[in-house]
Amino acid sequence: MAEKEVVETSEAQIAVHWQEEGYYYPSTEFIAQANMTDKGIYERFSLDNFPNCYKEYADLLDWYEYWDEILDTSDAPCYKWFKGGKINASYNCIDRHLKNNKNKTAIHFVPEPLEEGYQHITYQELYVRVNEFAALLKDFAGLKRGDRVTLHMPMVPELPVTMLACARLGVIHSQVFGGFSGTACADRIVDSGSNVLITMDAYYRSGGLIDHRQNADIAVEHAEKAGQKVDKVLVWQRYPGKYSAKKPMVEGRDFFVNDLLKNYYGARVEPEKMNAEDPLFLMYTSGTTGKPKGCQHGTGGYLAYVTGTSKYVQDIHPEDVYWCMADIGWITGHSYIVYGPLANCASTVIYEGVPTYPDAGRSWRIAQDLDVNIFHTAPTAIRALRKIGPDEPAKYNYHFKHMTTVGEPIEPEVWKWYHKEVGKGEAIIVDTWWQTETGGFLCSTLPAITPMKPGSAGPGMPGIHPIIYDDEGNVLPQGAGKAGNICIQNPWPGMFQTIWGDRDRFVDTYFARYCKDPNSKDWRDWPYLTGDAAVEAEDGYFRILGRIDDVINVSGHRLGTKEIESAALVVQEVAEAAVVPVNHEIKGKEPDLYIALKPGFDASDELAKKISDAICEEIGKIAKPRKVWIVKDMPKTRSGKIMRRVLGALSNKRDVGDVMTLANPEIVEEIREMVQK
Ligand code: 6R9
């Protein structure tokens, strides 16, 4: 394999440059118990058998009415999967398990304060809570099929209860990551047209009880300024009756869920018989403009895909205890904490707080206490735990059979630590590459069938057929050793249906680049552009190198550079803002922010802080820049484009290359002195 790969796409940020590694194989014990051991699955899901192969996934679900057309492409690239089918996601995640498993734990909740102890919620208890809350949403909040509702909730069992209650009614939920600010929440309320906001008064993080309700006031105020009326704010209580948020509730608008629920004890709500293609939820994600995109996921296709991949890639059996450390506010949490595992009748763990507080042994203590045997996390958490507690896993008596990594490329060195120390050399690892848009995994090994290779996600999933194009649209063949734009040749049931309310943006962003015929109704003419750069090795394994567009992946959280830049521009003194990713040992990437001021203003530490604070307020603390560099001028092309590539090289102490063609080459040295001194 060639050593040097050059991503010749725009300002591609090559995240990693590592050598090909050897294979690791699963143990015979693992293979003996695995859900999927049939090597024929790749053949069954080959392009020749597409799309009928996906019947196998649909048949993992219970349908009110079976579908009659597997894939309707008449509105390509907006596809309808399992057309004619009627289904309910809440029913599939709860009701259908009651007959044989009602006393089985559905959710293990790990609160941050130790003295509160673990909570274990059975499938029967989940059924009761979801029904009661669904009755409240229907009767008190007046929500009905097709309405959108925004959730701004932390990691507590009330979050999946809320999601599943919405799904029961056919209400489209849009959960905003709890750590996002009130203003970020407002943008999503406006875009989705939600009249109801569901939140919580407080939650724990790193030893402190965070007052969360105040974000609702900010969210509603901003949303209403933008013309979106919010009639009701439903506030779950972290400590019913014991804790009250600092700001008073707004009369007639804000209601404590725990008080209202008393009127619905014992209530039952029939699940709505949804069309397979009705939307289940929206998940907003960062794009290349300041405006986040509402990825719309359908009911039947999405649920079939996450159920199938949870079964075959996560190897979830009903008797497993499965812990995915992600936040439910991200797609990983939706697909692989809530919908996929519950549809498979697993016991899924939800934990509050962070893995490193009160100490670096917390995760392994939880694993030991709950007898977790399937573990799922991101490279950023692995790097942090490796750094601050490399010897901790060995102190605890837990045994993982299976581990996942997701969200960023994982360095082979970190992979090997994960395998040896966390997995105690026993657990298999799947490196799952996918996106908010894709609903479920795109590339991964199948744990009992395809061997692992550190640093490579693996081949395309059965039924997912990746292809790498160069900028000119030529296909880079397997083993070419060159990086290009990784696309998927075919649709699949888990893929998003559109961007909420913006079909044109959906087509432009994800399909226009390599579309063979914009009028075509044939899926073969619409390769899906993932926005990542990748290399395909001779064995068909894909190494993902990072984003080719303007997205930065901070600790596995996806942030748009444009979003951060537009937040900075809110500050009156700021004329121009440019964000570039800087490599960080733990987080993967961090944003570095370059600022040019309007004439008449001077740089100062106070101003830099003001800009940084503005970003935290507009987006949230995760977007906080590593450093705000106030520069005299931005390096620019003659056409006036800011050269982010040059700034990125300076921030990462890389060679800036030839800058003589810039309009202002002298500024590069000036910035270098500032940044690299
Ligand atoms: C699931 C999720 C998507 C972007 C994606 C890619 C990066 C995700 C990865 C990975 C390398 C992996 N990414 N998984 N890169 N290896 N296993 O993370 O969704 O938040 O939408 O981010 O994350 O760049 O395009 P999302």
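This is a short walk through some of the salt bridges in this structure. Keep in mind as you look that the model is predicted. Side chains of opposite charge can pair when their charged atoms come close. Across the whole structure, a search finds 44 such salt bridges.

A good place to begin is Arg 213, whose side chain forms a salt bridge with that of Asp 254, at 2.8 Å from N to O. Arg 213 sits in the loop between strand 10 (208-211) and helix 8 (214-225), while Asp 254 belongs to strand 12 (residues 254-256), so this pair ties together parts that are 41 residues apart in sequence. Are these two partners buried or exposed? Arg 213 is buried, with a relative accessible area of 1%, and Asp 254 is buried as well, at 7%.

Next, turn to Glu 408 and Arg 383, whose side chains meet in a salt bridge at 3.4 Å, N to O. Here Glu 408 comes from the loop between strand 19 (402-406) and helix 14 (412-422), and Arg 383 from helix 13 (residues 379-388), so the pair links parts that are 25 residues apart in sequence. Glu 408 counts as buried at 8% relative accessibility, and Arg 383 counts as buried at 5%.

Further along the chain, Asp 633 and Lys 636 join their side chains in a salt bridge at 4.0 Å, N to O. Asp 633 counts as partly exposed, with 29% relative accessibility, whereas Lys 636 is buried, at 16%.

Finally, look back at the starting pair: Arg 213 and Asp 254 belong to one network with Asp 217, Lys 247 and Arg 253, joined by salt bridges that share partners.

Terms used
Residues are numbered from 1 along each chain as its sequence is written. This is a predicted model: local features need pLDDT of at least 70, side-chain atom pairs count only at pLDDT 80 or more; totals for chains, interfaces and linings use all residues. Side-chain values use heavy atoms; hydrogens and water are left out. Helices (H or I, at least four residues) and strands (E, at least two) are DSSP runs, numbered from the N terminus. Buried means under 20% relative accessible area, exposed over 50%, partly exposed in between (1.4 Å probe, protein chains only).
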